[in-house]
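Hi,

Here is the structure I promised to pass on. Have a look at it first, and then read my notes below.

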Amino acid sequence: MIRPEDFREAMQRFAGPVTTITTIEDGVPCGLMATAVCSLSAEPPSLVVCINKTASAHDTILKQGFMGVSVLPDTQMAFANHFARSKGPDRFEGALWSFQETGSPLLASASVAFDCRIAKTYDGYSHTIVVGIIHDILLPNQDADRCLLWHRQGFVSLADKAAAENA
């Protein structure tokens, strides 16, 4: 039997892109950070997001039926720390946000951002597996092609890793 602490240790060895998963309800933005995000299909353009059921934004995102997925560039470590430490709408302060078809907030300085409608959800034990159909793709920051990563319980950039290896 696999012990939970062994599973957590194993998963910490994965580096995953840092994303904000956002929606809006009655004019108030709501969101969370996630690294369990990946492409699903080119036809229709879609992605998968796994959202912890205990996350404060979980129910709102599912109820709204739409979400924004913004991939943070490695230049946005300070914003990532702010978003991770803040709660509720305070998470959205200090950054510019764009709004496309669904109305979900998309980070204006993102490497890439996806405006999605939720097509299906599946039970994933502690998480809900969300399939989002992409309605718009934004490439707002052409100079930020390297995404911020989550690795070993912290934010890292590829540039930081390369500098450390070359030191």
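What follows is a short tour of what turned up in it.

One thing before you start: this is a predicted model, and every value below was computed from it.

Let's begin with the pocket. The largest pocket holds about 940 Å³ of space. Its lining is made up of 26 residues, and those closest to the centre are A34, T35, A36, H127 and W150. If you want to know which parts of the fold contribute, look at α1 (4–12), β3 (28–34) and β5, since each of these supplies at least two lining residues. The largest share comes from α1, with four residues. As for chemistry, the lining of this pocket has 15 nonpolar residues, along with eight polar and three charged ones.

W150 is a good bridge to the next topic, the sheet. There is an open sheet of three strands, ordered β1-β11-β12, and its pairing is antiparallel. Which strands stand at the edges? They are β1 (16–17) and β12 (154–156); each has a single partner strand, so one side of each has no neighbour in the sheet. Between β1 and β11 (residues 149–151), the antiparallel pairing runs over two bridges. To find the spot on screen, pick G16: its bridge partner in β11 is W150. That is the residue listed above among those closest to the centre of the largest pocket.

Now the charges. Side chains of opposite charge can pair when their charged atoms come close. The count here comes to eight salt bridges, and I'll walk you through a few of them.

Start with R3, E5 and D6, which are linked in a network of salt bridges. R3 pairs with E5, where the closest N and O atoms are 3.0 Å apart. R3 also meets D6, with an N to O distance of 2.8 Å. How open are these residues to the outside? R3 is partly exposed at 43% relative accessibility, E5 is partly exposed at 39%, and D6 is partly exposed as well, at 38%.

Another salt bridge joins K63 and E25, with the closest N and O atoms 2.4 Å apart. This pair links distant parts of the chain: K63 sits in helix α2 and E25 in strand β2 (residues 19–25), 38 residues apart. K63 is exposed, at 58% relative accessible area, whereas E25 is partly exposed, at 22%.

Finally, two serines in loops. S86 is in the loop between α3 (77–85) and β7 (97–99). Is S86 buried or exposed? Its relative accessibility is 12%, so S86 counts as buried, the cut-off being under 20%. The side chain of S86 also reaches the backbone oxygen of H82, at 2.8 Å.

S56 belongs to another loop, the one between β5 (45–52) and α2 (58–64). With 64% relative accessibility, S56 counts as exposed, because exposed means over 50%. For a sense of scale, the C-alpha atoms of S56 and A10 are separated by 26 Å, and these two residues are 46 apart along the chain.

If you only have a few minutes, I'd go to the pocket and look for W150, then follow β11 across to G16 in the sheet. After that, the R3, E5 and D6 network is a good next stop.

Cheers

Definitions and conventions:
Residues are numbered from 1 along each chain as its sequence is written. This is a predicted model: local features need pLDDT of at least 70, side-chain atom pairs count only at pLDDT 80 or more; totals for chains, interfaces and linings use all residues. Side-chain values use heavy atoms; hydrogens and water are left out. Buried means under 20% relative accessible area, exposed over 50%, partly exposed in between (1.4 Å probe, protein chains only). A polar contact is a pair of N or O atoms within 3.5 Å; within protein, one must be able to donate a hydrogen and the other to accept it, and residues adjacent in sequence count only if both atoms are side-chain atoms. On a 1 Å grid over the protein atoms alone, a cavity is a set of points where a 1.4 Å probe fits but cannot get out, and a pocket is an open set with protein on both sides within 12 Å along at least five of seven lines; lining residues have an atom within 4 Å of a point. Grid points are joined across faces, edges and corners, and a volume is the space filled by probe spheres set on the points. Ala, Val, Leu, Ile, Met, Phe, Trp, Tyr, Cys and Pro count as nonpolar, Asp, Glu, Lys and Arg as charged, and the others, Gly among them, as polar. Two strands pair if DSSP finds at least two bridges between them. A salt bridge is a side-chain nitrogen of Lys or Arg within 4 Å of a carboxyl oxygen of Asp or Glu.
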